[in-house]
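Here's a friendly walk through one protein chain for anyone meeting it for the first time. Have a look at the sequence and the 3D view, then read on.

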Amino acid sequence: MKLPEIKWPIALIAFGLASTMLFAGYWLWQRSAVQGPLEEQLAAVSGVTAVELKNGRDEFSLKLSIKDDADFSLVGEEVNRVLEKAVPRQQIDITWEDTRNAQLTDVRAAVDLTLKEAQRRHEFVLMTDRIAQIAKQAGAAYRVGVGEQSIYVELRAGDNVLYDVLPIIQAGGEDR
């Protein structure tokens with residue numbers, strides 16, 4: 001029995017079209033069933049003013065803006081809850097849009113050791129006292145919040161603000 005001869009140009013074109021259709025279907029599903037609803041849920045979080053979501057191959061990239069008078073730690077915790085429900089166990093890179101300046105960056109660098117120590121030892125009251133002292137010396141206002149999984153740091157000087165989030169390290173040394 002003789003097998004029919006394969007027409008390679010037609011086979012390659014058919015393979016290319018099928019691959020393109022699969023990719024387009026996957027992209028459309030991601031955009032309409034995952035990204036769209038997730039952006040809507042994040043925009044509905046109290047205090048969030050803008051959401052920009054980019055879906056990469058292995059991770060989501062998220063850029064958020066929040067209201068000036070919003071409590072950063074509460075907004076951060078609510079965003080984490082929404083993300084955990086919508087995309088569990090997915091690696092998400094979150095960028096909090098801020099207007100940091102050199103003064104705030106210097107204050108953040110000055111409190112880094114205190115934050116790292118609190119992150120590992122869970123000494124949050126001592127952390128707050130030290131940050132208050134450093135921020136006061138630099139002429140900056142501060143707000144620190146501790147959530148289930150993270151430490152939220154907000155530093156302010158005039159119209160400028162710096163947001164930073166550090167994961168809380170578990171006793172075994174792993175991030176939550």
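How do the residues of the lining of the largest cavity divide into nonpolar, polar and charged? There are three nonpolar, one polar and three charged residues in that lining. Before going further, keep in mind that this is a predicted model.

## The cavity

Let's stay with that enclosed space for a moment. The structure holds one cavity of 30 Å³ or more, and the space inside the largest cavity comes to about 30 Å³. Its walls are made by Thr114, Glu117, Ala118, Glu123, Leu126, Met127 and Arg130. Two elements give two or more residues each to this lining: α4, covering 112-121, and α5, covering 124-138.

Now look at the loop between α4 and α5, where you'll find His122. The phi angle of His122 is near 65 degrees, which is a positive value in a residue other than glycine. For context, most residues other than glycine have a negative phi. His122 also counts as partly exposed, at 34% relative accessibility.

## The largest pocket

Next up is a space that is open rather than closed off. The largest pocket has a volume of about 710 Å³. Its lining takes in 24 residues, and the ones closest to the centre are Asn80, Ile92, Ile94, Gln149 and Ser150. If you want to trace the walls by element, pick out α2 (72-86), β3 (92-96), β5 (150-157) and β6 (160-167), each of which gives two or more residues.

Which element gives the most to the lining of the largest pocket? That's α2, with six residues. As for chemistry, the pocket lining is a mix of 10 nonpolar, six polar and eight charged residues.

## Salt bridges

A search of the whole structure turns up 10 salt bridges. One of them sits in helix α2, where the side chains of Glu78 and Arg81 meet with N and O 3.6 Å apart. Why are these two about one helical turn apart? Because Glu78 and Arg81 are three residues apart in helix α2. Glu78 is partly exposed at 33% relative accessibility, and Arg81 is partly exposed too, with 43%.

Another salt bridge pairs Asp98 with Arg100, and here the closest N and O atoms are 2.8 Å apart. Arg100 has a relative accessible area of 44%, so it counts as partly exposed. Then there's the pair formed by the side chains of Arg143 and Glu154, at 3.6 Å from N to O. Arg143 belongs to strand β4 (residues 141-146) and Glu154 to strand β5, so this bridge ties together parts that are 11 residues apart in sequence. Is Glu154 buried or exposed? Glu154 is buried, with just 2% relative accessible area, whereas Arg143 is partly exposed at 33%. Salt bridges can also share partners, and that's how Arg108, Asp112 and Asp164 are joined into one network.

## Out on the surface

Back towards the start of the chain, Ile6, Trp8 and Leu12 form a nonpolar patch on the surface. Together, these three have about 370 Å² of accessible area. Leu12 is part of helix α1, which spans residues 8-43, and Leu12 is exposed, with a relative accessible area of 57%.

Helix α1 is also home to Phe23. Phe23 is another exposed residue, with a relative accessible area of 58%. How far apart in space are Phe23 and Arg89, C-alpha to C-alpha? They lie 23 Å apart, with their positions 66 residues apart in sequence.

## After helix α1

Follow the chain on and you reach Ala44, in the loop between α1 and β1 (48-55). Ala44 counts as exposed, at 64% relative accessibility. Try finding Val79 from there: Ala44 and Val79 are 35 residues apart along the chain, and their C-alpha atoms are separated by 9.8 Å.

Methods:
Residues numbered from 1 in each chain as written. Predicted model: local features only at pLDDT ≥ 70, side-chain atom pairs only at ≥ 80, totals over all residues. Heavy atoms only, no water. Patch = residues over 30% accessible without salt bridge, like charges linked within 9 Å, V, L, I, M, F, W, Y side chains within 5 Å. Areas by Shrake-Rupley, 256 points an atom, 1.4 Å probe, with all protein chains shown as cover. Salt bridge = Lys/Arg side-chain N within 4 Å of Asp/Glu carboxyl O. Helix = DSSP H or I, 4+ residues; strand = E, 2+ residues; numbered from the N terminus. Buried < 20%, exposed > 50% of the residue type's maximum accessible area, 1.4 Å probe, protein only. 1 Å grid on protein atoms, 1.4 Å probe; cavity = no way out; pocket = protein on both sides within 12 Å on 5 of 7 lines; lining within 4 Å. Points joined across faces, edges and corners; volume = space filled by probe spheres on them. Nonpolar A, V, L, I, M, F, W, Y, C, P; charged D, E, K, R; others polar.
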